[in-house]
Amino acid sequence: MKIILTCLLAIGVSCALSAQKATIIELNGNWNFSRGDNMKWAKPSFNDSKWENAIIPTWDWIPGYDGYGWYRKDFLLSEKETYFFNLGQVDDDCQVYFNGELLSLYVSPKPKNDNADTSRYNQWKKYRCYYIPKKLVKPGKKNTLAIRVWDTGDQGGIRYGSIFISNTVFYNQLPLQLAGDWFKKDGSNEWYVGFYNNNVVYKGGIWEYESITTKDGGYNITLSGKGQKEYLYVRDDNGSGNYLLGPDEQHTQLCSLEKTYTTAIDTTRSKQAYYHANKGSGLAHYKGWIKNYTSALGHEVYIQINTPYTITGKYAGEMKEYTQRDITTEVQPDGSFSVDIDDVPGPIIAYLRGLRIAATPVYLEPDKTVFQVIDPEEFKIYVTPEWYARQRRTLYMGDLAIENQLQLYTDWINTAPNAGRDVWDRLQYIASQYAAGSHVSDMEMNDVVSCIAGHYKQYNDTASLRTAKLWAAKVLQSSPDNHQFNNTFNIVLQNLGEHLEGLEYLVKALQIAEKDNKPEYVKAYKESIKEYIAEMLK
């Protein structure tokens, strides 16, 4: 059969493969465990019935214990095919054996992947996953996982993550190099598609593989979900590491696993006015998907809307206050969730929480749809010193994708005291790209300007502040009666040494706050005015 298939492919005849339905075996919970180290424990024939019971993952396997320990578990697999084993974070390090054979840690083809780090001191940071070759699988019989763990100090063991085995389209049906998230290589960095073991993220939705057809080195993939179908054509770009992706062979985009950040776009000549979206409340559509989700993580997430916002005057005809509220929504078995949030008063910043996920920002507007993908790998180093400097892995599709990228990076820089220069440069690139567009929110640009004004000294980047001044001026053109926008412009001018002009805008911010009956802002602005004047008189 293999010879016949090879011959068909060689002469250009297409070959159709039906993509299998997802099979998930959840392995969080009870395992057999023993302290010590003996390589015989890797063999599936070893009798571990007298070992103690251990529950994984857990923050510290045995308090105060440093050394070796083994975990073992038996289970059934129904089909002889390639499988994916998700283990998560292990401290300090480990080896994984499947039916007595050592498995190789998966290293993504994406550059700078954490799992490619060979430093002995960084092994605990890895988010471990493995591919189980088809030849090792015993269908309908007992299969055995044995995990050899060692710890040299402090906490140890299998600490974090969803532990499960899943079948996968990779190796047998699609090349492993295709796994991951693909971004347009045209400078926009738009997230085009994500290929995973049993799902595809495409056009702001979650899809299953229905069929995969190969022809002349390319792949035609039929996707299905909720009674609908989509189509993707995939072809390697002559071994460059990039792929051509599109709805068919005639309409493809060159895409890469890496985003491309080049020289920032010149926005000084842009005549496009910013818009003020606060024209009344409406319904915001928020959808998402959690990678590598299992029910062990929980069944609900909640969206925390904790940014009070005021609509006044010409935008709504009356003053209207919004305070914090939480909206709970169910996570489906495939990891997806969807919620419509009513009475959203123009742009708001909400936060997704739950399922061991730290607060993850999302920018919402009425009558717009946002699709967000959460990667639990981001949170593997929770409560460690590296937490704030972690790489943010959240991705966005939909109407407000670039606004959400900006929100992600401003939140990153505002909360991470040691965010790298690369993070700062990415913010400048995305902000300039956004400012040059045709649909620019004054609220979002004000957040960007505030972030730059607060951190430019840290990065020795006065040039970014001068650009931010131009953006702040356009924000005020859009909303001259917003006291916060006037204050932001004042802060920029003060940092540029234009003290008197800045003070004029701060006084205007005070007057607007008094008119809008904002006593907390009035007090703050008065104190700032005194401080600026005292500084100028020195």
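Strands E7 and E8 run antiparallel and are joined by 2 bridges. In this pairing, Tyr97 sits across from Leu102 of E8. The two strands make up a hairpin with 2 residues between them, and one residue of that turn, Asn99, has a positive phi of about 50°. All of this comes from a predicted model, so the details here are those of a prediction.

On to the other partner of E7. Strand E7 (residues 93-98) is linked to strand E10 (residues 142-151) by 6 bridges, and the two run antiparallel. Two of the facing pairs can be named: Val96 stands opposite Ile147 of E10, and Phe98 has Leu145 of E10 as its bridge partner. Strand E7 is also mostly covered, with 5 of its 6 residues buried.

Where do these strands belong? They are part of an open sheet of 6 strands, in the order E4-E3-E5-E10-E7-E8 and with antiparallel pairing. Strand E4 (52-56) and strand E8 (101-102) are found at the edges; each has a single partner strand, so one side of each lacks a neighbour in the sheet.

Two peptide bonds around these strands deserve a look. Most peptide bonds are trans, and most residues other than glycine have a negative phi. The bond from Ile56 to Pro57, however, is cis, with omega near 0°. Pro57 belongs to the loop that runs between E4 and strand E5 (67-76). The bond from Asp91 to Asp92 is cis too, again with omega near 0°. Here the loop is the one between strand E6 (83-91) and E7, and Asp92 is located in it.

Positive phi values turn up elsewhere in the chain as well. Lys203, a residue other than glycine, has a phi near 55°. This lysine is in the loop between strand E15 (199-202) and strand E16 (205-215). Is Lys203 buried or exposed? Lys203 is exposed, at a relative accessible area of 53%, and the cut-off for that class is over 50%. Asn292 is not a glycine either, yet its phi is positive, at about 50°. The loop that holds Asn292 connects strand E21 (282-290) with strand E22 (300-305). With a relative accessible area of 23%, Asn292 counts as partly exposed.

Now for the helices, starting with H2 and H3. Helix H2 (residues 401-415) packs against helix H3 (residues 421-435) at an angle of about 150°, and their axes are 10 Å apart. Because of that angle, H2 is roughly antiparallel to H3, the cut-off being over 145 degrees. The two helices cross in a left-handed way. On the H2 side, the contact is made by Ile402, Glu403, Gln405, Leu406, Tyr409, Thr410, Trp412 and Ile413. On the H3 side, the contributors are Val423, Trp424, Arg426, Leu427, Ile430, Ala431, Gln433 and Tyr434. Sorted by class, the residues of this contact come to 11 nonpolar, 3 polar and 2 charged.

Helix H2 has a second packing partner in helix H4 (residues 442-455): their axes come within 10 Å and cross at roughly 25°. That angle makes H2 roughly parallel to H4, since angles under 35 degrees count that way. The crossing of H2 and H4 is left-handed. Which residues make the contact between H2 and H4? From H2 there are Glu403, Leu406, Gln407, Thr410, Ile413 and Asn414, and from H4 there are Glu444, Asp447, Val448, Cys451 and His455. These residues divide into 4 nonpolar, 4 polar and 3 charged. Some H2 residues serve both partners: Glu403, Leu406, Thr410 and Ile413 appear in the contact with H3 and also in the contact with H4.

Finally, a look at the protein as a whole. The count is 8 helices and 30 strands. Of the 538 residues in the protein, 52% are buried. For contacts between residues at least 6 apart in sequence, 69% join residues that are at least 24 apart.

Technical notes. Residues numbered from 1 in each chain as written. Predicted model: local features only at pLDDT ≥ 70, side-chain atom pairs only at ≥ 80, totals over all residues. Heavy atoms only, no water. Axes fitted to C-alpha atoms, helices over the stretch in contact; angles between N-to-C directions. Helix = DSSP H or I, 4+ residues; strand = E, 2+ residues; numbered from the N terminus. Parallel < 35°, antiparallel > 145°, perpendicular 65-115°, else oblique. Left-handed = near helix turned anticlockwise from the far one by under 90°. Contact = heavy atoms within 4.5 Å. Nonpolar A, V, L, I, M, F, W, Y, C, P; charged D, E, K, R; others polar. Pairing = 2+ DSSP bridges. Buried < 20%, exposed > 50% of the residue type's maximum accessible area, 1.4 Å probe, protein only.
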